[in-house]
Amino acid sequence: MNLAATTTIQGENSIGVEAIFELLFQELRQSTKASEKNCHDVAMRITAEVYRICSESKRIQASGAIESSAMTLARHRLSQCLRYHQLGSNRGRVDLHSTLSAIIYRYINPPQRQLSYQGRLTIIEDFLQSFYLEALNAFRRENQLGATYQPHTLLELAEYMAFTERYGKRRIPLPGRQQQLIILRAQTFSQQQPPETCVDIEQAAEGSTSEADGAWEDPAVQRLRSAMATQPEPEPQEDTLRSVVITELMSYLEERQQTDCADYFTLRLQDMSAQEIESVLGLTPRQRDYLQQRFKYHLIRFALLHRWELVHEWLEADLKTNLGLTPQQWDTYIAQMDEKQRSLLELKQQGQPDEKIAKTLGLSMAQLQKRWFKILEQAWEIRNSLVSGSGASTHE
């Protein structure tokens, strides 16, 4: 590293940035399993930023502890980058979006508009999309990258997301106070929103029959009519249910702090191969296999216990269709049950609430859930057994 070997941070004490670069480079290689060149480039950019900040900060220069400050700053930048890398592409974006949304929520308030919670979230979404582009341009500028640079690897994406969070939180000096940059941007964005316009949807759809009625030339009405004319066809019920299942499963994994399983699931939804998943997540084949098995465990718990009704409706294997079993499979299935299992199944088919079923059968809710899980698991195994001609299912 020629630049790092020759450049020093000047001050009362001086520090060769070679030590900082080596620390960052080795930590990135050990923690991310990214390529050597990728780790080298990211380490170089963080090192250069640390050098610039320590050189320009009067507080650090006057502290007499430049070496300590530089090392602390480097470790902080590294930890931010690794945190987003560990979250992965999908969870990282969600985390960044949530963090920035929470900061600006109360400042997104267009004049003369009483926004609902959902309405405010929509405007926040519009604002953040433009802010992400601004942050990317700032990242290119401050790191002397080309105008077409885009993060391509997971490590580069983590670096960019960490930068975007810091960029939004930068303190901008104002008369008598300081304010975070993203708040100033959000306030300006809100003030530039057009005033709310009331439009009669039916009349907008039909159009005006009176030439004197110039209100229908209003741009807001024209936009509404255009949107109504180009409104896409509604999603098929199957696609809608699939989207709900995916969303619920992601929430289930996140609530249980299974972010690595959520990352794995996201990549599987993109039809990535095992080798591609290992490359993106920085895993060995053995680590990926372990993660896959852990994901399957949570998937089965979700499908057979947590949201079994939703999943079975999507699979067209609910109670109305005998859990998706053929008549022959259903007879085999019922024959395998004991008396208590049959009673439980019959009460479920009658639509009885769990509380009433538990009381009828003299079970606690935990015992009821455990028995029902076993019943659904047996049906799952029959549907995917060799009897069906498909072999044991490995589908996720």
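Helices are taken here as DSSP runs of at least four residues, numbered from the N terminus, and in this predicted model helix H2 is followed by Lys33, whose phi is positive, near 60 degrees. Lys33 lies in the loop between H2 and H3, and its positive phi occurs in a residue other than glycine. Most residues other than glycine have a negative phi. A second case is found at Gln257, a residue other than glycine with a positive phi near 55 degrees. Gln257 is placed in the loop between H11 and helix H12 (259-269), and because its relative accessible area is 68%, Gln257 counts as exposed.

The helix that precedes Lys33 was examined along its length. H2 comprises 16 residues and spans 22 Å from its first C-alpha to its last, which is close to the 22 Å expected at 1.5 Å a residue. Its buried residues are Val17, Ile20, Phe21, Leu23, Leu24, Phe25, Leu28 and Thr32. An α-helix has 3.6 residues a turn, so residues three or four places apart point the same way. In H2, Val17, Ile20 and Leu24 are among the buried residues, as are Phe21, Phe25 and Leu28.

In the chain as a whole there are 19 helices and 4 strands. Of its 396 residues, 39% count as buried, and the chain exposes about 23500 Å², of which carbon and sulfur atoms supply 49%. When contacts between residues at least 6 apart in sequence are considered, 59% of them join residues at least 24 apart.

The largest nonpolar core contains 51 residues, and within this set Ile104, Phe127, Leu128 and Ile182 touch the most other members. Two or more residues are given to this core by each of helix H2 (17-32), helix H3 (36-56), helix H5 (66-104), helix H6 (117-142), helix H7 (154-169) and helix H8 (181-191). The largest share, 13 residues, is that of H5. With residues up to four places away in sequence left out, Phe127 touches Ile104, Ile108, Ile182, Arg185, Ala186 and Phe189. Apart from this core lies another, of 21 residues, whose members include Trp308, Leu347, Ala379 and Ile382.

Charged side chains were then considered, beginning with Arg45, which is placed in helix H3. Arg45 counts as buried because its relative accessibility is 12%, under the 20% limit for that class. The side chain of Arg45 makes a polar contact, at 2.8 Å, with the side chain of Glu159. Once neighbours within four places in sequence are set aside, the residues in contact with Arg45 are Phe139, Asn143, Leu145, Tyr149, Glu156 and Glu159.

The count of salt bridges in the model comes to 18. In one of them, Glu254 is paired with Arg91, and the closest N and O atoms are 3.9 Å apart. Glu254 lies in helix H11 (residues 237-255) and Arg91 in helix H5, so this pair ties together parts that are 163 residues apart in sequence. The two partners fall into separate accessibility classes, since Glu254, at 29% relative accessibility, counts as partly exposed, whereas Arg91, at 13%, counts as buried.

A further salt bridge joins Arg185 and Glu134, whose closest N and O atoms are 2.8 Å apart. The pair links distant parts of the chain, with Arg185 in helix H8 and Glu134 in helix H6, 51 residues apart. Arg185 counts as partly exposed at 35% relative accessibility, and Glu134 is likewise partly exposed, with a relative accessible area of 22%. Arg185 also appears among the residues touched by Phe127.

In another salt bridge, Glu278 is joined to Arg288, with the closest N and O atoms 3.1 Å apart. Glu278 belongs to helix H13 (residues 274-281) and Arg288 to helix H14 (residues 285-306), and the two residues are 10 apart in sequence. Both Glu278 and Arg288 are buried. Beyond these pairs, a network of salt bridges links Arg52, Glu56, Glu142 and Arg170.

Notes:
Residues numbered from 1 in each chain as written. Predicted model: local features only at pLDDT ≥ 70, side-chain atom pairs only at ≥ 80, totals over all residues. Heavy atoms only, no water. Core = buried A, V, L, I, M, F, W, Y, C linked by side-chain atoms within 4.5 Å. Buried < 20%, exposed > 50% of the residue type's maximum accessible area, 1.4 Å probe, protein only. Contact = heavy atoms within 4.5 Å. Areas by Shrake-Rupley, 256 points an atom, 1.4 Å probe, with all protein chains shown as cover. Polar contact = N/O pair within 3.5 Å; in protein donor to acceptor, adjacent residues only side chain to side chain. Salt bridge = Lys/Arg side-chain N within 4 Å of Asp/Glu carboxyl O. Expected span 1.5 Å × (residues − 1).
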